[in-house]
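This report introduces a single protein chain to a reader who is new to structural description. Please keep the sequence and the three-dimensional view at hand while reading.

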Amino acid sequence: MWYIAESKVHGNGVHASINIPKGTKVAAVATPNKWGYWSMTEFGSSVNHQKKGNCELRKEPDNSFWLYTTRDINKGVEFVSDYSQAPFPFNGSIQGFKEL
């Protein structure tokens, strides 16, 4: 469903390997560990910031965080999310990201 490749936004990014409809639960961004913190997944550490993102981060009942699409995403398009709208502790810095 996804692959990591060079990004026009910042470094590497996560791209759709197939067409993905709006509302799809794509992949885990972070999962809880035994110390009460989150472990970032490879997918999660590669999602880049854009103010007009095409997906959003949601907290699941098991306290993991997953990325959901907020619109249809075509094959090859990068998954991007607005970091300023993400829940704590993922509402990080947006410095260094190029808005497209």
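## Salt bridges

A search of the whole structure, which is a predicted model, finds 2 salt bridges. Side chains of opposite charge can pair when their charged atoms come close.

In one pair, Glu60 is joined to Lys25, and their closest N and O atoms lie 3.4 Å apart. This salt bridge links distant parts of the chain: Glu60 belongs to the loop between E6 and E7, while Lys25 belongs to strand E3, 35 residues apart. Glu60 counts as buried because its relative accessible area, 16%, falls under the limit of 20%. Lys25, by contrast, is partly exposed, with a relative accessibility of 37%.

In the other pair, Arg58 forms a salt bridge with Glu56, with 2.9 Å between the closest N and O atoms. Arg58 is partly exposed at 33% relative accessibility, and Glu56 is also partly exposed, at 32%.

## Overall architecture

Which secondary structure elements make up the chain? The chain contains 0 helices and 8 strands. Followed along the sequence, the pattern reads β-β-β-β-β-β-β-β.

The chain has 100 residues, of which 40% are buried. Among contacts with a separation of 6 or more, 62% are between residues 24 or more positions apart. The exposed area of the chain is about 6000 Å², and carbon and sulfur atoms supply 51% of this area.

## The nonpolar core

Which residues touch the most other members of the largest nonpolar core? They are Val29, Phe43, Leu67 and Phe79, in a core of 14 residues. Four elements give two or more residues to this core: strand E2 (12–16), strand E3 (25–32), strand E6 (55–59) and strand E7 (65–69). Strand E3 provides the largest share, with 3 residues.

Val29 illustrates how one core residue meets several parts of the sequence. Setting aside residues up to four places away in sequence, Val29 touches Ser39, Met40, Thr41, Phe43, Gly44, Leu57, Phe65, Trp66 and Leu67. Two of the residues in that list, Phe43 and Leu67, are themselves among the core members with the most such links.

## A buried threonine

Is Thr69 buried or exposed? This residue of strand E7 has a relative accessibility of 1% and therefore counts as buried.

The side chain of Thr69 makes polar contacts with the backbone. One reaches the backbone oxygen of Pro21 at 2.8 Å, and another reaches the backbone nitrogen of Thr24 at 2.9 Å. Apart from neighbours within four places in sequence, Thr69 is in contact with Ile20, Pro21, Lys22, Gly23, Thr24, Val26, Asn54, Cys55 and Phe79. Phe79 is also one of the core residues named above.

## A nonpolar patch on the surface

Nonpolar side chains also appear at the surface of the model. Met1, Trp2, Ile4 and Ile18 make a nonpolar surface patch of about 320 Å².

Trp2, a member of this patch, is found in strand E1, which covers residues 2–6. Trp2 counts as partly exposed because its relative accessibility is 31%, and partly exposed residues lie between the limits of 20% and 50%.

Methods:
Residues numbered from 1 in each chain as written. Predicted model: local features only at pLDDT ≥ 70, side-chain atom pairs only at ≥ 80, totals over all residues. Heavy atoms only, no water. Buried < 20%, exposed > 50% of the residue type's maximum accessible area, 1.4 Å probe, protein only. Contact = heavy atoms within 4.5 Å. Areas by Shrake-Rupley, 256 points an atom, 1.4 Å probe, with all protein chains shown as cover. Patch = residues over 30% accessible without salt bridge, like charges linked within 9 Å, V, L, I, M, F, W, Y side chains within 5 Å. Salt bridge = Lys/Arg side-chain N within 4 Å of Asp/Glu carboxyl O. Core = buried A, V, L, I, M, F, W, Y, C linked by side-chain atoms within 4.5 Å. Polar contact = N/O pair within 3.5 Å; in protein donor to acceptor, adjacent residues only side chain to side chain.
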